[in-house]
Amino acid sequence: MNVDTVVLDVDGVLVDVADSYRRAIVESIEAVYGETIPKAGIQSFKDAGGFNNDWTLTDAAALFVLAKREGLSMSLDGFTAEVEKRGGGLSAAEAVVEAALPADAAARVRAEWEPERLRETFQELYLGSELYREIEGEEPARETRGFINDEPVIVTGETVERLTSEYAVCVLTGRPEAEAEIALERVGLDVPAERRFTMDDWEEGKPHPRALVALAERCDSSGVVFVGDTLDDIETAVNAADADPERDYHGVGVLTGGLTGAEGRRKYEDAGATAVLDSVNDLPAFLD
């Protein structure tokens, strides 16, 4: 491949978020509504598409929990399959609830649904009390240590050194800027501001190609590899190739996030991945 630029996602690529962001999804819904979805069910939402933002995924999963209370007959996998049919994302989840429940039951779901409260709870659990005060600028409702402290580093120092010495390295993540900075410091990856896109920098989110194309332009790149852990990441690279045919874009999936094993590899390949690697640490040898 003709590659001069490597773009890295953060979650599931540089750090393991199974016990941080994914735990925050499950426990935020539990804290607000007294019941929740299994952690394994998070991947069903991710695979449906449109849930790169974990706040949005939390909102959609809460809708499912509330709809089940009102008699929704679908399983979680059935619900997310219907969401995928409608194009993925939160608006599709809302549409599925509206279509599946009687009008009065759907109205009760909407009345109980509290995205703002879910978001506050999520941030309190994920950041912990100290960081919540610092980043959110508010007093938390609970004193917590913060799941952010439970994010094992995946990428090795050797991989960081190899990539940064041989390629223009960029970051494209759904994290807010402050949370992305914490993760990048933890893994020892210094990326200039102009080579980053976080949640704070663009409204569209993955799989929209604008951010990836912008990074390619800023690096004056001829060939880009985007390494991610979800199908939305692969679709972002596919969409960028369509939007910017003057450059080569390659989506590479890693098996250190929610997609694992032979089934994860198959899903990546079906989505158009150029390659599927066990870990980002296999990337330098693959590019060689």
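A residue counts as buried when its relative accessible area is under 20%, as exposed when that area is over 50%, and as partly exposed in between. Please keep in mind while browsing these close-ups that the model is predicted.

**Close-up A. Glutamate 114 and arginine 117 form a salt bridge.** The closest N and O atoms of this pair are 3.2 Å apart. Are the two partners buried or partly exposed? Glutamate 114 has a relative accessibility of 32%, so this residue counts as partly exposed. Arginine 117 is partly exposed as well, because its relative accessible area is 38%. As general background, side chains of opposite charge can pair when their charged atoms come close.

**Close-up B. Within helix α6, aspartate 104 and arginine 108 join in a salt bridge.** Helix α6 covers residues 103-112. The two side chains meet at 3.8 Å, N to O. How far apart are the partners along the helix? Arginine 108 and aspartate 104 are four residues apart, about one turn of the helix. Aspartate 104 reaches 47% relative accessibility and therefore counts as partly exposed. Arginine 108, at 41%, is likewise in the partly exposed class.

**Close-up C. A salt bridge between aspartate 233 and lysine 206 comes into view here.** The closest N and O atoms lie 2.9 Å from each other. This pair links distant parts of the chain, with aspartate 233 in helix α11, lysine 206 in the loop between β3 and α10, and the two positions 27 residues apart. Both aspartate 233 and lysine 206 are buried.

**Close-up D. Asp11, Glu151, Arg175 and Arg186 take part in a network of salt bridges.** For the wider picture, the count of salt bridges in this model comes to 30.

**Close-up E. Alanine 183 sits in helix α9, which spans residues 177-187.** With just 1% relative accessibility, alanine 183 counts as buried, since buried means under 20%. Which residues does alanine 183 touch, leaving aside those up to four places away in sequence? Val10 and Arg175 are its contacts. Leucine 172 makes a handy landmark: alanine 183 and leucine 172 are eleven residues apart in sequence, and their C-alpha atoms are 13 Å apart in space.

**Close-up F. Helices α4 and α5 cross at roughly 115 degrees.** Helix α4 holds residues 76-85, helix α5 holds residues 90-100, and their axes come within 8 Å. The crossing of α4 past α5 is right-handed. From α4, the residues Phe79, Glu82 and Val83 meet Ala92, Ala93, Val96 and Val97 of α5. By type, the contact is made of six nonpolar residues, no polar ones and one charged.

**Close-up G. Six strands build an open sheet with parallel pairing.** Reading across, the order is β3-β2-β1-β4-β5-β6. Which strands lie at the edges? The edges are β3 and β6 (275-277), each of which pairs on one side only. In general, strands of a sheet pair through backbone hydrogen bonds, either parallel or antiparallel.

**Close-up H. Strand β1 pairs with β2 and with β4.** Four bridges join β1 to β2, and these strands run parallel. Among the bridge partners, threonine 5 is matched with alanine 168 of β2, while leucine 8 is matched with valine 171 of β2. The pairing of β1 with β4 is also parallel, over four bridges, and here valine 6 stands opposite valine 225 of β4. Where do the side chains of β1 point? Thr5 and Val7 point one way, Val6 and Leu8 point the other way, and all are buried.

**Close-up I. Helix α10 (residues 210-218) has a set of buried residues.** Its buried residues are Ala211, Leu212, Val213, Ala214, Leu215 and Ala216. What do these residues pack against? Their neighbours are the strands β1 (5-8), β2 (168-172), β3 (196-197), β4 (223-228) and β5 (248-254), along with helix α11 (231-243). Just after α10, look for aspartate 220, which takes a positive phi of about 50 degrees.

Key:
Residues are numbered from 1 along each chain as its sequence is written. This is a predicted model: local features need pLDDT of at least 70, side-chain atom pairs count only at pLDDT 80 or more; totals for chains, interfaces and linings use all residues. Side-chain values use heavy atoms; hydrogens and water are left out. Axes are lines fitted to C-alpha atoms, for helices over the stretch in contact, and angles run from 0 to 180 degrees between N-to-C directions. A crossing is left-handed if the near helix is turned anticlockwise from the far one by less than a right angle, and right-handed if clockwise. Contact means heavy atoms within 4.5 Å. Ala, Val, Leu, Ile, Met, Phe, Trp, Tyr, Cys and Pro count as nonpolar, Asp, Glu, Lys and Arg as charged, and the others, Gly among them, as polar. Buried means under 20% relative accessible area, exposed over 50%, partly exposed in between (1.4 Å probe, protein chains only). A salt bridge is a side-chain nitrogen of Lys or Arg within 4 Å of a carboxyl oxygen of Asp or Glu. Two strands pair if DSSP finds at least two bridges between them.
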